[in-house]
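Please look over the structure below. The report after it follows one helix and the residues around it.

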Amino acid sequence: MTQYIQDESAQARVEEYLNLPDEDLEKLSDSEFLEGQTELLNLERATYLAQASALKAEADTIAQESEPGDTQFDEESGEGGTATIDRERDLALAAQARAAVEEIDGAIRKINHKTYGVCEVCHNPIPRARLRALPYARLCVKCKEGGLSKR
Ligand SMILES: [Zn+2]
């Protein structure tokens, strides 16, 4: 299990960063803010990666435990069906975790290209508090909600 244990000092720094009051968050310099976001992104990336591989392993175990040849095309049998559903749920969740990793990679690339924190639709800066809550946000709240209702 040791491979899943995070660098503890990074974890502590991220916790401290997450606990900063909003007004202190606004007072950080750009580089301090981006440093905090980078650590946050790296930590979330590691968490999602661990989640994806744990779910994949669980799905593989389910596949191994169910009788070979018995479940594949046998949709009538209740037991095989449940295992298939569990396995598909695990695989779907693993895919979601991997998609989150890709979003995070995109955000890290933006930090490197100095285009991070700009709304992809209106090109206005995304508020720091929103970025801290959702570090791979690509849209400001207005554009995000504008897609659903034009109020
Ligand atoms: Zn926007």
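What follows describes a helix, one of its aromatic residues and a nonpolar core.

The model is predicted. Helix α3 covers residues 30-65. α3 has 36 residues and reaches 52 Å from its first C-alpha to its last. That is close to the 52 Å expected at 1.5 Å a residue. Several of its residues are buried, among them Gly36, Gln37, Arg45, Tyr48, Leu55 and Ile62. Leu40, Leu41 and Leu43 of α3 are buried too.

Phenylalanine 33 also sits in α3. Is phenylalanine 33 buried or partly exposed? Phenylalanine 33 is partly exposed, because 19 other C-beta atoms lie within 10 Å, while a buried residue needs 20 or more. Beyond its neighbours within four places in sequence, phenylalanine 33 contacts Leu28 and Arg128. Tyrosine 17 is 16 residues away from phenylalanine 33 along the chain, and their C-alpha atoms are 9.2 Å apart.

Contacts outside four places in sequence are set out here for two aromatic residues.

| Residue | Contacts |
|---|---|
| Phenylalanine 33 | Leu28, Arg128 |
| Tyrosine 136 | Leu41, Glu103, Ile104, Gly106, Ala107 |

Tyrosine 136 belongs to the largest nonpolar core, which has 7 residues. The others in this core are Leu40, Leu41, Leu43, Ile104, Ala107 and Tyr116. Two elements, α3 and α4 (78-112), each give two or more residues to this core. α3 gives the most, with 3 residues. Among the core members, Leu41, Ile104 and Ala107 are touched by tyrosine 136.

Notes. Residues are numbered from 1 along each chain as its sequence is written. This is a predicted model: local features need pLDDT of at least 70, side-chain atom pairs count only at pLDDT 80 or more; totals for chains, interfaces and linings use all residues. Helices (H or I, at least four residues) and strands (E, at least two) are DSSP runs, numbered from the N terminus. A residue is buried if 20 or more other C-beta atoms lie within 10 Å of its own, exposed if 12 or fewer, and partly exposed in between; C-beta atoms are placed from the backbone. Two residues are in contact if their C-beta atoms, placed from the backbone, lie within 7 Å. A nonpolar core is a set of buried Ala, Val, Leu, Ile, Met, Phe, Trp, Tyr and Cys residues joined through C-beta atoms within 7 Å. The expected span of a helix is 1.5 Å times one less than its number of residues.
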